[in-house]
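Hello,

I am passing a structure on to you, since you will be seeing it with fresh eyes. Please have a look at it first, and then read on for what turned up.

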There are 2 protein chains.
Amino acid sequence: MADTTETEPMDMMPEPLRARERAERIHADIRSRICMLDYPPGMKLSETALAAELGISRTPIRRVLARLEDEGLVTSVHGVGTMVTNVDYSEMSQVYRLRKELVLLQTVLDPIQPDAAFLQRFQALYTRSEALKTAPSARDFSLLDQDTFLTLLDLTANAPLRTMAERLYFRTARIWLQQVTSSHIDLMQEIDIYARELQDLLGALELGDLDAVGHIRRGHISMSFARMRV
Amino acid sequence: MADTTETEPMDMMPEPLRARERAERIHADIRSRICMLDYPPGMKLSETALAAELGISRTPIRRVLARLEDEGLVTSVHGVGTMVTNVDYSEMSQVYRLRKELVLLQTVLDPIQPDAAFLQRFQALYTRSEALKTAPSARDFSLLDQDTFLTLLDLTANAPLRTMAERLYFRTARIWLQQVTSSHIDLMQEIDIYARELQDLLGALELGDLDAVGHIRRGHISMSFARMRV
DNA sequence: CCCTCAACTGATGTATACAACATTAGGCGA
DNA sequence: TCGCCTAATGTTGTATACATCAGTTGAGGG
């Protein structure tokens with residue numbers, strides 16, 4: 001009698017959030033394309049085109065775009081289109097000043113002491129930064145910076161702080177890539193500086209000195225911003 | 001030939017964001033109902049019912065609910081419904097600890113010196129707090145606290161900080177009202193303390209001492225949280 | 001040649017029917 | 001009477017047709 005229907009009541013993880021998960025992937029995907037300048041500022045993101053590309057209808061696409069608009073990465077105007085936002089200096093300045101403060105809170109509010117696995121993950125990041133010296137790539141650099149940020153986010157258990165820091169990071173992550181592309185800053189120099197930063201952070205992490213981690217990051221965020229304003 | 005169509009090209013404010021504005025109002029409205037416990041935790045918010053109540057379709061309602069879900073005020077489950085979230089102690093604790101830090105940043109990062117009009121607005125808030133002593137009302141108290149928060153938000157020009165502080169505030173604003181309703185804290189005592197806080201803040205504002213404003217608020221947030229954990 | 005305006009095009013916003021899903025009530029048999 | 005299975009119901013998620021809006025283009029008149 002069990003042949004007629006295959007209900008499979010025993011499933012390790014039924015994952016009733018299949019739809020939610022898909023939306024999450026699409027969101028992260030479009031966000032990544034914006035931050036990697038695959039979708040440059042001003043570009044129109046057609047809901048119809050995205051829907052066709054992903055093989056779904058406009059409805060779930062619109063939900064993702066609405067979230068991206070909340071996050072300040074796109075703006076939708078009725079009758080015109082959905083355009084990737086540009087980042088002006090004033091806004092960028094405000095975000096950076098706030099990030100400089102939040103990065104300190106990340107190691108003060110609900111700090112999580114790094115374990116061996118974490119140190120290994122971070123060591124891999126440092127290795128990548130050294131590899132960039134022999135094979136410079138602005139895109140790979142941006143990806144490394146993104147992975148580093150997300151890794152260091154695991155040092156705090158404060159969920160609201162994590163989400164806010166993440167929103168702020170992706171809000172201005174593309175600025176650096178823009179500056180490199182337009183040759184306003186030197187790629188090789190940035191790679192050298194970044195490798196040193198990761199080395200410094202690795203040393204502080206091995207000592208378990210999270211306070212030092214926060215201040216090292218703060219200093220680098222500040223200097224990185226200072227080098228950009230050409 | 002102009003009789004057939006009434007285009008009215010001359011309008012003071014064409015307001016092309018009529019739809020956007022409506023969504024904003026609906027969002028603020030539902031958010032207020034949740035924070036005022038008109039929609040208590042666990043209550044199911046039917047999209048169909050809300051759409052019928054507002055005389056529109058489910059589509060714009062769903063957009064608002066999706067945003068509220070991003071803000072942590074509701075959770076939607078496929079096939080079940082959209083329920084008002086509950087706030088557990090751990091989450092509340094994390095939010096309060098973060099708010100204590102952000103309230104300091106609000107008067108440090110991009111401070112705006114209060115002008116005469118601002119002082120007058122704040123004076124009105126203090127008057128309301130004194131009026132509450134003769135006519136105590138938990139609901140009016142919550143509304144006053146909300147207005148006070150939004151007013152003090154104008155002391156910083158940092159847009160990202162403003163949006164984040166606002167999100168955090170509304171995330172846990174209903175906790176206090178819950179505690180009063182369940183008689184875990186004394187309403188009259190809270191009103192007295194709050195009136196004193198507004199008096200202290202008014203004095204600091206009149207002196208233009210924004211640093212004092214931040215620290216006074218920080219202390220009151222901390223003590224308010226301490227009084228709540230029964 | 002230039003200005004005006006009206007229709008066209010393509011975009012987002014909305015309404016609605018349908019699909020997928022979870023819960024519940026009820027019937028049927030052991 | 002108890003347990004299981006099935007159908008019904010109500011929910012959110014999706015697809016799609018339509019409404020609304022803004023930019024564009026081209027024809028017509030001065």
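How many nonpolar, polar and charged residues does the surface near DNA strand D have, by class? There are eight nonpolar, eight polar and seven charged residues in that surface. Before going further, please keep in mind that this is a predicted model.

Let me stay with DNA strand D for a moment. It is surrounded by 23 residues, and the closest are R22(A), S57(A), T59(A), R18(B) and R62(B). As for secondary structure, at least two residues of this surface come from each of α1 and α3 of chain A and α3 and β2 (81-84) of chain B. On the DNA side, sugar or phosphate makes up 69% of the strand D atoms within 4 Å of the protein, and bases make up the rest.

Some individual contacts are worth finding on your screen. R22(A) has a polar side-chain atom 2.6 Å from a phosphate oxygen of DNA strand D. T59(A) goes to a base instead: an N or O atom in its side chain is 2.7 Å from a base nitrogen of DNA strand D. From the other chain, G79(B) uses its backbone, with an N or O atom 3.1 Å from a base nitrogen of DNA strand D.

Now for DNA strand C. Of the 23 residues around it, R18(A), R62(A), R22(B), S57(B) and T59(B) come nearest. Sugar and phosphate account for 68% of the strand C atoms that come within 4 Å of the protein. The elements that each give at least two residues to this surface are α3 (58-70) and β2 (81-84) of chain A, along with α1 (18-35) and α3 (58-70) of chain B. By class, the surface near DNA strand C is made of eight nonpolar, eight polar and seven charged residues.

Here too there are contacts to look at. A phosphate oxygen of DNA strand C lies 2.5 Å from a polar side-chain atom of R18(A). With E47(A), a polar backbone atom is 3.5 Å from a phosphate oxygen of DNA strand C. R58(A) reaches a base, where an N or O atom of its side chain is 3.1 Å from a base nitrogen of DNA strand C.

How are the two protein chains related? Chain A is superposed on chain B by a rotation of 180° with 0.0 Å of shift along the axis, at an RMSD of 0.0 Å. The two copies are therefore related as by a two-fold rotation axis. Both copies use the same surface, and 100% of the contact residues of chain A recur in chain B.

Within chain A there are two domains: domain 1 (18-84) and domain 2 (89-228). Their C-alpha centres are 26 Å apart. Twelve residues from domain 1 of chain A and 13 residues from domain 2 of chain A take part in the contact.

A good place to look next is N86(A), in the loop between β2 and α4 (89-105) of chain A. Is N86(A) buried or exposed? It counts as exposed, because its relative accessibility is 55%. Leaving out residues up to four places away in sequence, N86(A) touches P41(A), E91(A) and Q178(A). The C-alpha atoms of N86(A) and G42(A) are separated by 6.7 Å, although these residues are 44 apart along the chain.

For a contrast, turn to E190(B) in helix α8 of chain B. With a relative accessibility of 5%, E190(B) counts as buried. Its side chain makes a polar contact of 2.6 Å with the side chain of R227(B). Setting aside neighbours within four places in sequence, the residues in contact with E190(B) are F141(B), W176(B), I185(B) and R227(B).

Finally, a note on backbone angles. Most residues other than glycine have a negative phi. L37(A), which is not a glycine, has a positive phi near 65°, and its place is in the loop between α1 (18-35) and α2 (47-54) of chain A. S183(B), again not a glycine, has a positive phi near 60°. You will find S183(B) in the loop between α7 (159-181) and α8 (187-207) of chain B, and it counts as exposed because its relative accessibility is 60%.

Happy exploring, and best wishes

Definitions and conventions:
Residues are numbered from 1 along each chain as its sequence is written. Chains are lettered from A and ligands numbered from 1 in the order in which they are written. This is a predicted model: local features need pLDDT of at least 70, side-chain atom pairs count only at pLDDT 80 or more; totals for chains, interfaces and linings use all residues. Side-chain values use heavy atoms; hydrogens and water are left out. A residue is near a molecule or strand if one of its heavy atoms lies within 4 Å of it. A polar contact is a pair of N or O atoms within 3.5 Å; within protein, one must be able to donate a hydrogen and the other to accept it, and residues adjacent in sequence count only if both atoms are side-chain atoms. Helices (H or I, at least four residues) and strands (E, at least two) are DSSP runs, numbered from the N terminus. Ala, Val, Leu, Ile, Met, Phe, Trp, Tyr, Cys and Pro count as nonpolar, Asp, Glu, Lys and Arg as charged, and the others, Gly among them, as polar. Buried means under 20% relative accessible area, exposed over 50%, partly exposed in between (1.4 Å probe, protein chains only). Copies are superposed by least squares on the C-alpha atoms of residues with pLDDT of at least 70 in both. Contact means heavy atoms within 4.5 Å. Domain bounds come from an automatic or database domain assignment.
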